Structure formats: C-alpha cells, structure tokens
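Work through the following exercises with the sequence and the coordinates open. Each task is followed by a solution in steps.

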Amino acid sequence: MTYEEQPPLVEAVDIGKRFGSTVALDRAGITVRAGETHALVGRNGAGKSTLVDILTGLQAPDTGRVSFGGRAAPPLGDRDAWRRQVACVYQKSTIIGALTVAENLFLNRHDRGAGGLIRWRALRRSARELLATWSVDVDVDQPASALTVEQRQFVEIARALSFGARFIILDEPTAQLDGTGIARLFDRIRALRAQGVTFLFISHHLQEIYEICDVVTVFRDARHIVTAPVAELDRAALVAAMTGEDVSLAGDTYRPPPPADAAVRVVVRDLVTASGAGASFEARAGEVVGLAGGGSSGKFEVAEALVGLAKPAGGKVTVDGRTLRRGSVPDALAAGVGLVPQDRHRQGLVPLLSIAENVTMTVPGRIGRHGLISPARRDAIAHGFITDLAIKASGPHVPVSDLSGGNQQKVVMGRALAGDPKLLVLVTPTAGVDVRSKQTLLGVVEQVRERGNVVLIVSDELDDLRICDRVLVMVQGRIVREMPAGWRDNDLVAAMEGVDLDHV
Amino acid sequence: MSDTLSSTTAAEAPPPPATRRIPALARLRDLALVPAIVTVAIVGYIVSPVFLRTDNIINVLQSMSEIAIVVLAETLVLITGKMDLSLESTFGLAPGIAAWLIVDPAVTHGLGLHAVPGALAIPLVLLTGALIGAFNGLLIVRFGLNGFIVTLGMLIVLRGLLTGISGGKTFFALPESMTYLGSASWLAVPASIWISLILFAVAVVVLGYTRAGRSLYAIGGNADAARAAGVRTDRVVWLTLIIAGTLAALAGLLISGRLASVTAAQGDGAIFQVFAAAVIGGVSLNGGKGTVFGAFTGVLLLFLIINVLTLAGVPAQWTNFLNGAVILVALVVSRVTGGKAQT
Ligand SMILES: Nc1ncnc2c1ncn2[C@@H]1O[C@H](COP(=O)(O)OP(=O)(O)OP(=O)(O)O)[C@@H](O)[C@H]1O
Ligand SMILES: [Mg+2]
C-alpha cells in the first residue's frame, strides 16, 4: 500500500525523558500518519503531556528523535519552524491574562500593515470573527484574565485551529468544556479532518476516543504499550492496557439514600449570585447532592457564592446552624466547608510549593502547635493523601508544578479534604483525572459521606453525578428539577438542556 | 457524555447569565495621571505664576530628560518581568569610561589615560552600556540567575569600577564630542529634551505596534505561553537588557554633557526615583503590564511636583525628605486616579 510507504507525518522514536529521578518517558514513541485522528491515552502521569512538549519543540528529549514527514525536526531554538509543523492546545493554559483576548488569539502573528506596524483594528476584527465562528460571545478588548475557564479554553482552541497547521495536538481540550462545547469542538475537528488535517487527541473521556478517533496509542508508566485502530480495541481492553490490570469499571454502587429523619446539616436559602442565578436547597447528614447544568446554567456561580469565593447578592447559607459570612472564604473554612474550585490553577494551588504545603494550607491548626508548624506531621498528612488519592509523585516534597495535570487535580482534592469538612463542595472534581483515579476519588467522597458529612458535587459529568443521592438540575440560573438517584442518562441530559422528556 | 449531548446545537444555548463585564478601562489607564498632572499644574500656578512660563517648563523637561531615559530603559525591562538595578551605575560608568580613556592627564591633574581620540566618545559610551547589558543578560538569561540579585551586584561592582578609575574624583575637561548633546539647543529647545521625547515616541510605537514590542508584554505576562506562541524569549530578554544598558549610557552622556563633568557619584541612588516613576506611571513590577506613555507621565508628575516645591521655596536640606514623600504621594495620587492598586 502506498499509503503505508509514505513517511509518517510525525514520528517519534525511542524518546527518553527524565526529570531528576522521575522517568517521564522511557524509550516511548508514536507514529502518526497523515489524515488520521490519533488518540493518546494513559493514566495520570503516564507521560502524555511530556510527549506533547517534545513534539512541539518546547522540550528536548534526552534520547531519541522526532521527525516530520521523514525530515528531522527543527532545532529547538527555531520556534517559527516548529510552529509551521504543528499547532497545539496545551494542557496548561497558555493564555496571558494581562493581554486582551484579541491579542492572545494573534500573539506573535499580529496582523501587520505598512512598515511592519500592527493593525490593531484589523486584528480586533479578525478576533471577533474568529470567536463568532465558535459562538463565544466575549468582548475581545477585555483582558483575558476576565474570561471564564470555559471561554479561556475556547480561546486556546480557536487559536490553535486557526493557524492553518496540517497537524494539531489537543491535550485534554475537553476537560473544561460542557456538552455543547464539546459538540462544537468535535464538529470542527471533523470538518478539518475532511480537509486532510491530522490530529493527536488526548482525553480521559474514553467515549470521546471512540467518537472521533481512528487510531489509539496507549502509554503506561512512561512506556508505549500498544497502538491499534480504535475498532480493534474495546473499552475493557483499552482500560486494561492503560492500567495494566484486568479491572472492571462497572461498579454500580447503589446504596439507599440517607434516612429521612437524618439531621439537616446544610441549608441554602434564596442564595442569589452577582450574575442573577439563584438556588435554595437543604442537605441532610450523609447526603451527596449533585448540582448539574450546562456551561451557562449558573451552577458554578452558585458554588462560588456558596463557599465565599464570590460575594452573593443575597440569601444565606448555614452549616450546622452557623450562618456563613457572605463572600468570606476564611469564614467558610472555619465553618467546615471544603472546596475543590473550578479554576484549580488560579484558586486551587500554589504551584511552586510542595504537595505537603499545598494540602495542609487550609489547616494550619492540624499540623502545628503554638503557631509552629511541625514538618513531620505535615508530611505524614501529605503521605496519607498521596496513598489515598493515588497521587503519582515521588514524595510529599515534590513541588506541585512538577506534577502532571491530573495529579495536580488530586492535590486540590486533598486540600479540600484536609480539614475534614462538614460540607465538601466539589466543582468538576474529576476533570483531567484518569478513569481509574476517578473511581478512587469518588470512593473518597463515599467515605466523607459515611462519616455523616454533606457533599455537593457541581458538575455535568454523568460519572460524577451518578454517586449522588439526588441531582438538582439548573437551567438558566434556576433549579428546575430534582432527580433522585437512579435516573437514566438521557433523562438527566435532557433536563440539563431544559427539556422535560417525561412531560413532552 | 458528549455523545449524548452532541445533538444540541450551539444556537440553543441560553446566553450566559451576565458574566460579561464592561469593556476594561485598560486604554484609559494610560491617561490616569493626566488629572493629577493638571492638578499639580494648577497648584504650581497658584504657588508661583512663574510655573507655567515657557522657560520654567523647558527647565523641568530638561532636568527630567536624563532620568526619563533611564525610566524608559527600566520600563522595558520591567515589562518583560525582569529588573535592572544596575542602570544607575551604567548611567555614571559609561560616560566615566569614555572620559577616562579620552581626557588628558596633563590637563586634569593626572586623571585619565588620553588613549583614545575624542571623536570616539559617543560610540564608546554606548558600547559600554551595551556591554554591561549583555553581561547582565549572560548571567540572567544564560545562567538563569535571579535578575534582582545579579543587577544589585552589578550596581555595586560598576559603581566601584567608576570610583576606581576616577580615584573618587571628578572627570572634567571633557571633549566637545561628549558635551555637545547635553548642552546643545536645537530650535531653541535643549537637545536632551528632543532626544528624550523622540526616544519615548519611538518606544510608544515599538511597544504598541510591533510584534517585537508586544513580545515583551507576552514574556512578562507568561513566559511559557510566549514561548509556546513562538517568541524567542531568551533572545528578546537579552536584547532588552542590552537596549536598556545602552539607553542608560546615553542618558549618562547627556547629563555629563550638561554638567561638563563626570563625578564618581553620577547616578548614585537614582534607581529609586526611576522605579518610583515607572510604578507611578502604572508599570507593574511583576511584569507584563504598563505602557511607555504611562511611564512618561510618571516621570513628568514626579518632576513637576519637585519643581513646584522648589518654586515654593522649600529649603534644600529638606529635598531628600520631600523626594521620598513626593514618591509616596504620587503613588497614592496615581492609585486614587487610576483606580487600581499598583503592584
Ligand atoms: N517539569 C517537570 N519536573 C519534574 N517532573 C515532571 C515535570 N513535568 C512532568 N513531570 C513528571 O513526569 C511524569 C509525566 O508527566 P506528564 O505531564 O507527561 O503526564 P500526563 O500523562 O500528561 O498526565 P495527565 O493525564 O495527568 O496530564 C509525571 O510523573 C510528572 O510528575
Ligand atoms: Mg497531561
């Protein structure tokens, strides 16, 4: 077949990469052929993003070589040459908050007129047009720091896809998008694929792999395990290749709801956010409540107002009879609220500090006495979380910035759990977390519940919501339905979209 | 989840509940100090009608022109998220080196080498500045050392070098080539004013309207992101340090020309005023924020206040106290009128 004889569009062979004592890639490789949509999967810390850095020329491999269309990759310093070969949406945000949205979209490729001067007006117009094709409705003149997490992700995607590159890498582009956003992205990928554009697609949502990818490569523990057409690798085989064990991920853990006479521990009364969304509900001891809805339903705003990250316009929240001070995170912490925020890089972590310092940040009281911190006690707590949450790291002293994306998310979870919260608020807790670790995290939620505490899961991931005793569905800033455990997927999805299947 | 949701079209999505904000005041921020400057001008006029006379305005502009160029240099460096403390020493050393190589010891009681013809003065000064910048870059960019500490060390080393070559004394009897720019007048306005205004104008265009200029902001905002976008971050930072050193050297040349001498203490302590002016003008010490025009208004405000105080007859012994106080007051004023905290 001539197709097979053509040099592959991208080839990485025998790639080795170490970070200190951590082996991120061990003689791993990947071959991507022109025109295919190639999935790369593996557990958190398997080395996927490291390979992306190497394929886009941000890092040099220690060993091995990369070639494009049979020719050796350009030298690391020649950024322009790399950019001609490949465009990329990195897992870590590459949006510059201080610059405007428009400039972020055209960074270092500004529209220039006479004398090489930038034509700002034309640039802003192109930016508006580009975002309009993605139905992202934002003012392109505002600083990018004002964007929501999802809008920021779309700016990244729109930018990468607008280069006209023949090869595009997407590292977990869907982790921060809601259903309609993902659908929009996939439509665009299909259209570009029809024009012959090649994709390397990374995701922890396995159904997405089956939906748009042709070929899948699995990495495990820094090594290449298998590459096969997706049709030849069913879900169980894929998970087995990723985890190296024959596990079933079924685990339909139905359990009875908490007794109706359990004490009410959390009361949210007429909470109104600054943007106008509102919610009222109560939760009993040992209850897991879901707050679901699409990207614009207002569920994130409600969560932020609830825990004090944003100041609500009205209403009150009580935990065990104690009314939280509006817009005060310290007060919420003191009252026993734990939080996994949506924007984990901005609100969840201090990147240069160690895992131990990050997870114990909100609980100085637990790790010290008389105002002095005990490092031993701190490390012991961190060790506990590293084991319980399956964080892949060589120890509690590793800076969080050196962890893979999914493992950072687990540290945020650890931080929320450290105070032994009475109310645990989890916003998209499993974004970026691999299939196996997802179970681990949700298992931890179960333990929190068993101790009689309340968990609020704010997400539109069906897997997250499945463990809830009931799901409150928000549409356009209002709770429109309450669905007890045992819902069918279609019903919940329809409810989130504002359609009531039962009453049509 | 996506497979079940993909039937929805984007058009059905309800508008987000008012998460949009009013377009940022970002561009107005450039003019944030204008009200403050106008206020100072009015106060100045009340204190002394001399204040608004042309010769007084020219006097203010000339007295600030040299420091303003150093502020411009520091602004470039700050925008990339670095710092250069050594600029104040470059400000003294660069003309000092040229003077040392050029002046004739027979005329100046043994100071100087008389090794180089006077015609080379300007290239020598600029080259010295560029080399200092390049050396800073070597340590900061290539060896990855902390810019604050590197340039603090350089500040002391370069000051010591100037004291060494001058024996702590003052170079005078400078050649015409060194004094011309600092003392000449073009169209009845001192050349140093022209030069500083032109440099600011060029910098406004470069930073606002060229890719290279915008890359400074990108690097200061998020260096990894800038690299991912194809900016050669190391090279740009290095070049910026070289340009900053050259500008500081030029500023030093202007003041040496104006005073017709180079003292061993030329520029000593000036860096505080430089930082103050930049920050008052809205340049962030954390990088990525601020404009050249803003920095210019910052220097202007500082020097106008100083001028008003002088006209008000404040005794010279109080100058230092007032300089410090002026910086703090100007910071508060810019905070109040700019509406945003300085960082
Ligand atoms: N800059 C770094 N310094 C030290 N260790 C690093 C660095 N970058 C990555 N690592 C380590 O290399 C390994 C691979 O990380 P990588 O980010 O490639 O994982 P990943 O497969 O993308 O995981 P995820 O699914 O969580 O994003 C991890 O163990 C990580 O801790
Ligand atoms: Mg990754």
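**Exercise 1.** Identify the buried residues of helix α10(A).

Solution. The model is a predicted one. In α10(A), the buried residues are Lys299(A), Phe300(A), Val302(A), Ala303(A), Ala305(A), Leu306(A) and Val307(A). That is seven of the nine residues, so the helix is mostly covered, with buried meaning under 20% relative accessible area. Just beyond the end of α10(A), Gly308(A) has a positive phi of about 95 degrees.

**Exercise 2.** Describe the sheet on which α10(A) packs, then place the helix on it.

Solution. Start with the strand order: β12-β11-β14-β15 of chain A, an open sheet of four strands with antiparallel pairing. Next, find the edges: β12 (278–284) and β15 (322–323) of chain A each pair on one side only. Then take the pair β11(A) and β12(A), where β11 spans residues 264–272 and six antiparallel bridges join the two strands. Within β12(A), Gly278(A) is the bridge partner of Val272(A). Finally, add the helix: α10 (residues 299–307) of chain A touches β11, β12 and β14 (314–319), and its direction makes about 115 degrees with that of β11(A).

**Exercise 3.** Which residues coordinate the magnesium ion (ligand 2), and are they buried or partly exposed?

Solution. The donors are OG of Ser49(A) and OE1 of Gln91(A), at 1.9 to 2.0 Å. Ser49(A) lies in helix α2 (residues 48–55), while Gln91(A) lies in the loop between β6 (87–89) and α4 (101–105), 42 residues apart in chain A. Ser49(A) has 25% relative accessibility and therefore counts as partly exposed. Gln91(A), at 24%, also counts as partly exposed.

Technical notes. Residues are numbered from 1 along each chain as its sequence is written. Chains are lettered from A and ligands numbered from 1 in the order in which they are written. This is a predicted model: local features need pLDDT of at least 70, side-chain atom pairs count only at pLDDT 80 or more; totals for chains, interfaces and linings use all residues. Side-chain values use heavy atoms; hydrogens and water are left out. Donors are N, O and S atoms within 2.8 Å of the metal (3.2 Å for Na, K and Ca); water is not among the atoms, so sites may look incomplete. Buried means under 20% relative accessible area, exposed over 50%, partly exposed in between (1.4 Å probe, protein chains only). Two strands pair if DSSP finds at least two bridges between them. Contact means heavy atoms within 4.5 Å. Axes are lines fitted to C-alpha atoms, for helices over the stretch in contact, and angles run from 0 to 180 degrees between N-to-C directions.
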